[in-house]
Amino acid sequence: MSSPTGPASGLPVRMPRPRQPGRHRRPEPLVAPEGAPALVLAVPGTPSSATRSLADEVISIARSELPGLDARVGHLDGDDAEFPSLSAVLVSAAEERAARFEQARAAGLDVKEPDGPVAVVVPLLAGPDNSLLRRIRQAVMVSRIAAELTDVLGPHPLLAEGLHVRLSEAGLARADRARLFTVATAADGIILASVGGDEAVQAAGITGMLLAARLAVPVIAAALDEEGSIASVAEQLRSSGSQQLALAPYLIGPEIEASVLEEAAKEAGCATAEPLGPYPAIGKLALAKYTTALGISPQQPQGTPVR
């Protein structure tokens with residue numbers, strides 16, 4: 001038992017660790033500013049329990065990186081009940097912010113009336129898709145809530161890392177080029193499948209170059225939503241010497257039906273990896289878009305070095 005002057009005799013004393021001086025000390029952990037806008041993840045595709053679970057996991061990663069973050073999920077095709085729509089989520093965020101202000105003022109607190117955006121909307125998209133982005137902008141306008149819309153998550157080295165992981169999980173790529181072991185089914189040519197037309201293909205190609213550097217095999221982007229694009233790229237890879245191809249979806253997951261990927265793999269005559277899904281980098285990139293929009297991000301998340 002301790003006394004007013006210190007711990008009882010014989011007990012160990014746990015002292016707080018002093019802060020490391022100089023430029024090598026650890027930075028103070030970042031926390032969400034008081035009254036900061038909500039991060040609203042705009043989720044495309046048909047709402048389902050699997051889609052909601054994926055979005056919740058992405059949100060959970062973002063919250064773990066920024067304590068105090070108000071993060072929510074809005075479905076582009078939501079029904080406002082089990083799967084709330086993007087517009088409904090924005091309206092709810094605005095109402096709750098106004099209610100908090102009124103409660104604080106009623107309690108006699110000297111608080112400033114909230115201003116600025118109610119939310120920062122982050123599209124759950126790896127690459128640009130003009131049709132989906134147009135619908136997201138329209139949902140924000142319909143809500144009549146002040147919200148800032150960020151860019152999509154890619155291209156980024158962390159997405160190349162995620163694609164590498166998904167390919168290795170499917171047995172289609174070595175997990176680590178630095179270790180001298182073989183994978184019998186490892187692909188020697190990768191089709192990077194995107195949605196969103198030519199612009200999406202060009203953006204995917206940037207991440208594709210990073211993936212090619214990681215795997216030391218050719219990677220070419222193709223459009224899932226353009227007839228013949230997948231087959232054309234498969235033929236291009238085979239004509240350049242690749243014999244064992246793999247399809248790597250440059251997608252989070254909800255953007256398209258799973259059957260589209262299956263048909264694309266059949267068209268190319270190859271196996272396919274899973275979409276990026278709730279890979280940890282997705283949550284970190286979503287948070288980076290949010291913090292950058294608010295000017296509170298110390299730095300962008302970095303990809304792991306190429307091995």
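**Close-up views of a predicted model**

Helix α2 comprises 21 residues and spans 30 Å from its first C-alpha to its last, close to the 30 Å expected at 1.5 Å a residue, where the expected span is 1.5 Å times one less than the number of residues in the helix. This is a predicted model, in which local features need pLDDT of at least 70 and side-chain atom pairs count only at pLDDT 80 or more, while totals for chains, interfaces and linings use all residues. Residues are numbered from 1 along each chain as its sequence is written, and side-chain values use heavy atoms, with hydrogens and water left out.

**View 1. The sheet β2-β1-β3-β4 is open and its strands pair in parallel.** Helices (H or I, at least four residues) and strands (E, at least two) are DSSP runs numbered from the N terminus, and two strands pair if DSSP finds at least two bridges between them. Strands β2 (71-75) and β4 (147-149) stand at the edges with a single partner strand each, so one side of each has no neighbour in the sheet. Neighbouring strands of this sheet are turned by 30° against each other on average, direction ignored. Strand β3 (residues 119-123) is joined to β4 by three bridges, the two strands running parallel, and Val120 stands opposite Glu148 in β4.

**View 2. Helices α1 and α2 are shown with the strands that they touch.** Helix α1 (residues 49-65) lies across β1 (38-43) and β2, and runs at about 155° to β2; contact here means heavy atoms within 4.5 Å, and angles run from 0 to 180 degrees between N-to-C directions, with axes fitted as lines to C-alpha atoms, for helices over the stretch in contact. Helix α2 (residues 86-106) packs on the sheet, touching β1, β2, β3 and β4, and its direction makes about 145° with that of β2. The buried residues of α2, those under 20% relative accessible area (exposed is over 50%, partly exposed in between, with a 1.4 Å probe and protein chains only), are Leu86, Ser87, Val89, Leu90, Ala93, Ala94, Arg97, Phe101 and Ala104. An α-helix has 3.6 residues a turn, so residues three or four places apart point the same way. Among the elements covering the buried residues of α2 are β1, β2, β3, α3 (130-143) and β4. Gly108, whose phi is positive and near 85°, follows α2.

**View 3. A further open sheet has the strand order β6-β5-β7-β8, again with parallel pairing.** Its edge strands are β6 (219-223) and β8 (271-272), each of which pairs on one side only. Strands β5 (residues 189-194) and β7 (residues 245-249) pair in the parallel sense over five bridges, and Leu247 in β7 is the bridge partner of Ile191. Helix α4 (residues 157-169) packs on this sheet, touching β5 and β7, with its direction at about 130° to that of β7. Helix α6 (residues 229-239) lies across β5, β6 and β7, running at about 160° to β6.

**View 4. Backbone details in three loops are shown at Pro155, Arg144 and Ala216.** Gly154 and Pro155 are joined by a cis peptide bond with omega of about 0°, and Pro155 is found in the loop between β4 and α4. Arg144, in the loop between α3 and β4, has a positive phi of about 60° although it is not a glycine, and at 78% relative accessibility Arg144 counts as exposed. Ala216, in the loop between α5 (197-215) and β6, also has a positive phi of about 60° without being a glycine, and its relative accessibility of 56% counts as exposed.
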